[in-house]
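Visitor: Can you walk me through this one? I'd like to talk pockets, packing and helices.
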Amino acid sequence: MERSPLIEYFDTWLGKTIENFPLAADLHDPEGVHDYRVALKRLKALFRLAGTIEPDFSARNRFREFRVLFKAGEDLRDIHIQTGVADDFADASGFPVREYRDYLAGLERDAAERFDRFAACFDIGVLGKRRKALVRAVGTLEPAVLPRRVRERFNRLFGDLVEKVERSGAADEEMHGIRILAKEVHYVREMLDACAPGGGDSSVFFAKLKKAHQALGRWHDCEVARSYLA
């Protein structure tokens, strides 16, 4: 049987996680923190997909260690983003840029210390042990069946996204859920393209979705800034 595109997807993004984790842990590198967390988001979408294909695959339980690693870098990532926000608003009238930067620097020191303590105890090798369960869930599906199951998941998520946007009326309390769902739609579409190569040009779809990600990301950054500034 041919190698499953979904297992290749797992291997790729697990590799990105392992590659960037030392950059985050040893150097507190902003790109390293960002990149390992984005890789984990893609893996979460894959596990959730696997759970819809194989009911015995508990996505939540299998993803537990990944989720712990993701949460560990959350504060550091938020602070890195807020440093950029401070730069963006440096020339805005009345914005306390110097005080905000000083405040963020103190938060960053504390967050880096917490992350260092976490990284010293976390065994990143444990993540690879979830591969066998994933292979059992999706790695043996016939090549003709796999794209259909992935497309079913994509269509359901995209429909949920459209419904959520139409229902929300751009209300702030709904925006975070829309942002998370839009990312999952993006990642599952990547998997669909991997499972059904040559099925059509997705570049326009991804370009439009990227604009939505950027707008929602900017909204989220400003919401975090509001809480920090308060």
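Guide: A term to start: contact means heavy atoms within 4.5 Å. This is a predicted model, where local features need pLDDT of at least 70, side-chain atom pairs count only at pLDDT 80 or more, and totals for chains, interfaces and linings use all residues. Residues are numbered from 1 along each chain as its sequence is written, and side-chain values use heavy atoms, with hydrogens and water left out.

Visitor: Which residues does M191 touch?
Guide: Leaving out residues up to four places away in sequence, M191 touches L6, Y9, R42, A45, L46, L49 and V150.

Visitor: And which residues in the largest nonpolar core touch the most other members?
Guide: L6, F21, F66, L69, L134, V150 and M191, in a core of 69 residues. α2 provides the largest share of this core, 12 residues. A nonpolar core is a set of buried Ala, Val, Leu, Ile, Met, Phe, Trp, Tyr and Cys residues joined through side-chain atoms within 4.5 Å. Buried means under 20% relative accessible area (1.4 Å probe, protein chains only). Helices are DSSP runs of H or I, at least four residues, numbered from the N terminus.

Visitor: Pockets now. What volume does the largest pocket have?
Guide: About 1000 Å³. Of its 31 lining residues, R37, K41, F70, R179 and K183 are the closest to its centre. A pocket is an open set of points on a 1 Å grid over the protein atoms alone, where a 1.4 Å probe fits, with protein on both sides within 12 Å along at least five of seven lines; lining residues have an atom within 4 Å of a point. Volume is the space filled by probe spheres set on the points, which are joined across faces, edges and corners.

Visitor: Which helix gives the most to that lining?
Guide: α2, with 10 residues. By class, the lining has nine nonpolar, seven polar and 15 charged residues. Asp, Glu, Lys and Arg count as charged; Ala, Val, Leu, Ile, Met, Phe, Trp, Tyr, Cys and Pro as nonpolar; the others, Gly among them, as polar.

Visitor: What about the second largest pocket, by class?
Guide: Eight nonpolar, no polar and one charged. The space is about 200 Å³. α10 brings the largest share of the lining, five residues.

Visitor: Switching to α5. Which of its residues are buried?
Guide: L76, R77, D78, I79, H80, I81, Q82, V85 and A86. Their cover includes α2, α6 and α10.

How values were computed:
Helix = DSSP H or I, 4+ residues; strand = E, 2+ residues; numbered from the N terminus. Buried < 20%, exposed > 50% of the residue type's maximum accessible area, 1.4 Å probe, protein only.
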